[in-house]
Amino acid sequence: IAYFEIPKLVKLWASAFGGEMKSISAKYSGSQLLQKKYKEFERAVRVEEIDGLRLVKQLAQNMEEMFHKKAQAMKRLVEAAEEAHLQHEEDPDLQYEYFNAVLINEVDEEGNSVELGGEFVLQPNDHFNNLSVNLSLSVVQVPTNMYNKDSAIVNGVYWSEALNKVFVDNFEKDPSLIWQYFGSAKGFFRQYPGIKWKPDEHGVIAFDCRNRKWYIQAATSPKDVVILVDVSGSMKGLRLTIAKQTVSSILDTLGDDDFFNIIAYNEELHYVEPCLNGTLVQADVTNKDHFREHLDKLFAQGIGMLDVALTEAFNLLSDFNETGRGSECSQAIMLVTDGAVDTYDAIFAKYNWPDRKVRIFPYLIGRESAFADNLKWMACANKGYFTQISTLADVQENVMEYLHVLSRPKVIDREHDTVWTEAYIDSTLPQAQKLDDGQGPVLMTTVAMPVFSTKNETRNRGILLGVVGTDVPVSELLKTIPKYKLGIHGYAFAITNNGYILTHPDLRPLYGDGKKRRKPNYSSVDLSEVEWEDKDDTLRNAMVNRKTGTFSMEVTKSIDKGKRVLVLHNDYYYTDIEGTPFSLGVALSRGHGKFFFRGNVTIEEGLHDLEHPDVALADEWTYCNTDEHPDHRYLSQIEAIKLYLSGHEPQLKCDKELIQEVLFDAVVTAPLEAYWTSLVLNKSENSDKGVEIAYLGTRTGLSRINLFVVPDELTNQDFLTAEDKEGVFNADHFPLWYKRAAEQVPGTFVYSLPFTGSENKSVVLASTAIQLLDERKSPIAAAVGIQMKLEFFQKKFWTASRQCAALDGKCSISCDDENINCYLIDNNGFILVAEDYTLTGKFFGEAEGAVMNKLLHMGSFKRVTLYDYQALCWVFSESSGSGHTLLDVSNYSAFSALYEIRMGRSMQVPCDTEYPAFVSERTIKENMGHTDCDGCIKSFVIQQIPSSNLFMVVVDNKCDCSMFEPITMDPIEIMYILYLTITSRLKMQKDRRRPDTCHPFHPEENSMECGGAMGLAPSLSAVLFCILLTVCPR
């Protein structure tokens, strides 16, 4: 057969297959009927362009109101706590039986309640994820290393009982509240509603509220800290181990608004990270983990020159402060040593007196107290606090002390700053341990407020009583966002003052199948790591600086588990959320994404069609707020809509506009039910049961499903169920088939093999979008489609490829010939049909590297590079530093090489990767070419299948082209040059905005409580000097 005949034949096969598939897909999905129905309503419909700025401001206001309600609840707790403490007289002999979170409902051998236990009624409550709780009382948790009946704890528990009433009150006023709590400076934690805590397998509860981010952030102001570690010879052995643990504990108390560096000293200074001498870095998870790794490398030798170290620390703090990059608030030097031979007053006189802007916190390591006096003196003379740490068990409690010193100015000022944490998961709390509902732990932000002692006699001591807080799950924020107004590809996102993501559809904080686990720095993923096309951080920096404005750029969005890509032009709108450190953004995609339409039908018509058994509404969308009132929690969204429209339930709050539109969609799509039913009855049409399901979704989250076979016979049981995450309407995305159909040419179908978790490649989906109008600016009203058996689809392809124009019906060539290979591939290069069945679902470049290479050169396909800054890579080695090989991108994560999941000798470490995706060039309908394989010419033809996203590729297979490497979609780890990694990751600090308040010192502060300094007899000059300082504090 002549070579030029083949393209003609391929065109014939392609149009035969395309024609048949289009008629099957259109017939069973009912797409033409639905298009006609929307046309009939065209006159009753009003199309509007979405005003992005107005929308983002409205959403920010909704969030602001929600956040404000939570902050008001905390304010009520603060007032009640301060009043209760004011009325309470401390009684060292107080005996008081309280409900201890671990001991409630525990009995001894005789069956009697244990001390601090007692009967505590617990009932499952669906608002608290069906955990058993007590809605009228709180429980008290005391860390395992503290004595349950310690006088300070019993007194604190006694007066804080007054909070029970306020907890209950708050919950009645705002039923969307979840956990409320009070973390005491004494270490106990009062939690409402009451819940039972279970110790870990070692009988320990490690939770100490005072080292939680929300506590530290509310208690102290942002700080710049230099940690000095003595590594002289006397620190050998256990002392160095305790010192490293102390430094690590200090790092735990630093957060994203703080800056630090660590210097080890003997005769010389050793910056723990040599690349970062002379500067401080932000205390985010990545940086702290990086420094922790270096701590392990310290060893003790030589003699300690503390004067040199102190001088360096003072200069470092002063120079860094002048750059304007730090916290510009509190400053401190942490001194971890086993003694000091001098008081170094000359150094303090030169750098720190009389203002004493830098506080000194000495930690004396070991049991010896020969040099304690000098260290105590340093603390007292520099507004600091001295502690001695003799064993590893003492570390935690002693490190905590400095926080209560730093909180003094805030307390004396009586400034109840409201703080909001970035998004995090606290897996140590009992509710988090039981929350694994398959979804894994829940991301949340905490609003917290400090509680002060208001007794006049202790005012100048600035006593912090503790911190109150409540959690706000990030999913609550999403409920305030009407997804239907953002269009098919649109989304809302929020970031913190540090540029970290609070919520964004591309944030992936968890990884792993089954029981999900947190990624190491899931809470500090920067906006620039997901909106990476914004190379100059224009959008990010405007949002960090709380501006209101717009921005636009072309983006490549990876979908379908990273295997496919959509190229979109996004317009971004952003503004700040007042009263919080957050900024809100909305992204709308140009084209259909900028339009919205309103239709109108009567309530009777709408309800009649909405109540059909095949209708479902988007599970995570808020048509009506059923969370707010306990009576409404059991209603389905459709029941809630009925109740709302009946007008008998004034307390039920609903989205009137969305309900009006969902009723309209229910009416327009109703005729499809009868149409599908008639197809089911006319069985002969679908005799081989090739088509299994028809489905439709509309812009309002309404969906209808029709089965053409009985449920047990479905080839893919997961499709359109909650298991199929990408296939259904979600809080932040439209179904994958809907998104892809929207980007197809109107009237054509998009065909795909679902990439399900199981290797089940047994079905093909075909879907198409329904446009409201015939013009380019038309909004998309709905999408419909079918699921068919893969073998049915493939059979149609092979049948079409046996046709020819020969009058006698004897074709000279067909896909059955040994000399040619026929493939059916989609617009992203994935194989749907091949003679070798095992290639189904594989990327075409893996099967035919030489041909794919040529298709890229010819422009039939183009390669798009995507980046994943939240990836996990497998490392095969003893240490995490060497021997990188690659992950499978389905396991996503984030940077910080500390985190490792050991699997034999391989482990996963966070990394950055880049990977390709491929897209066909729409305008090229057909092409032919050949490629030279060692003197043998391999030719091929590619032909678009009409009305689809598919291509037929026919390749002659006489040549061996194995010299051409297969083209794969495997990710490649981005290897940074080591020095660049450290400096770019750590030094190149991005724009951030400081918290609005700062309380570094207060003239009335009594700094004489400086850690065990009272029982001392220091040198007379030191005493005189201290007196002098208190008389003239500045």
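In this predicted model, five strands form an open sheet in the order β18-β17-β23-β22-β21, with antiparallel pairing. The edges of this sheet are taken by β18 (501–503) and β21 (549–559), each of which pairs on one side only. Going from one strand to the next, the twist averages 35°. At the β18 end, strand β17, made up of residues 491–495, is held to β18 by 2 bridges, and the two run antiparallel. Within that pairing, A494 sits opposite T503 of β18. As a reminder, strands of a sheet pair through backbone hydrogen bonds, either parallel or antiparallel.

Another open sheet of 5 strands turns up further along the chain, this one ordered β34-β33-β40-β39-β38 and again with antiparallel pairing. Here β34 (831–834) and β38 (926–933) are the edge strands; each has a single partner strand, so one side of each is left without a neighbour in the sheet. The twist in this sheet averages 20° from one strand to the next. Strand β33 covers residues 820–826 and runs antiparallel to β34, with 3 bridges joining the two. One residue pair to look at is Y823 and its bridge partner in β34, A834.

Turning to the interior, the structure holds 4 cavities of 30 Å³ or more. The largest of them encloses about 140 Å³ of space. Its lining is made by 16 residues, and those closest to the centre are Y484, G487, F595, R699 and I780. As for secondary structure, strand β24 (residues 595–598) gives the most to this lining, contributing 3 residues. By residue class, the lining of the largest cavity breaks down into 11 nonpolar, 3 polar and 2 charged residues.

Cysteine pairing comes next. A disulfide is a covalent bond between the sulfur atoms of two cysteines. With sulfur atoms within 2.5 Å taken as the criterion, the count comes to 7 disulfides. One of them joins C380 to C1010, with an S to S distance of 2.0 Å. The torsion about the S-S bond of C380 and C1010 is about 85°, so this disulfide is right-handed. It ties together distant parts of the chain, the two cysteines being 630 residues apart. C380 belongs to helix α11 (residues 372–381), while C1010 lies in the loop between α26 (978–987) and α27 (1020–1031).

A few backbone details in loops also deserve a mention. The peptide bond from Y192 to P193 is cis, with omega near -5°, and P193 itself is placed in the loop between β6 (189–192) and α6 (213–219). A cis peptide bond also leads from W353 to P354, where omega is near 0°. P354 falls in the loop that runs between α10 (345–351) and β12 (358–365). Then there is N105, a residue other than glycine that nonetheless has a positive phi, near 60°. N105 is found in the loop between α3 (52–87) and β2 (123–125).

Towards the start of the chain, the UniProt record (an unreviewed entry) places a "coiled-coil region" at residues 56–91. In the model, the span 56–91 is 89% helix and 0% strand. The C-alpha atoms at the two ends of residues 56–91 are 54 Å apart.

Notes
Residues numbered from 1 in each chain as written. Predicted model: local features only at pLDDT ≥ 70, side-chain atom pairs only at ≥ 80, totals over all residues. Heavy atoms only, no water. UniProt positions renumbered as here; feature names shortened; annotations may be inferred. Helix = DSSP H or I, 4+ residues; strand = E, 2+ residues; numbered from the N terminus. Pairing = 2+ DSSP bridges. Axes fitted to C-alpha atoms, helices over the stretch in contact; angles between N-to-C directions. 1 Å grid on protein atoms, 1.4 Å probe; cavity = no way out; pocket = protein on both sides within 12 Å on 5 of 7 lines; lining within 4 Å. Points joined across faces, edges and corners; volume = space filled by probe spheres on them. Nonpolar A, V, L, I, M, F, W, Y, C, P; charged D, E, K, R; others polar.
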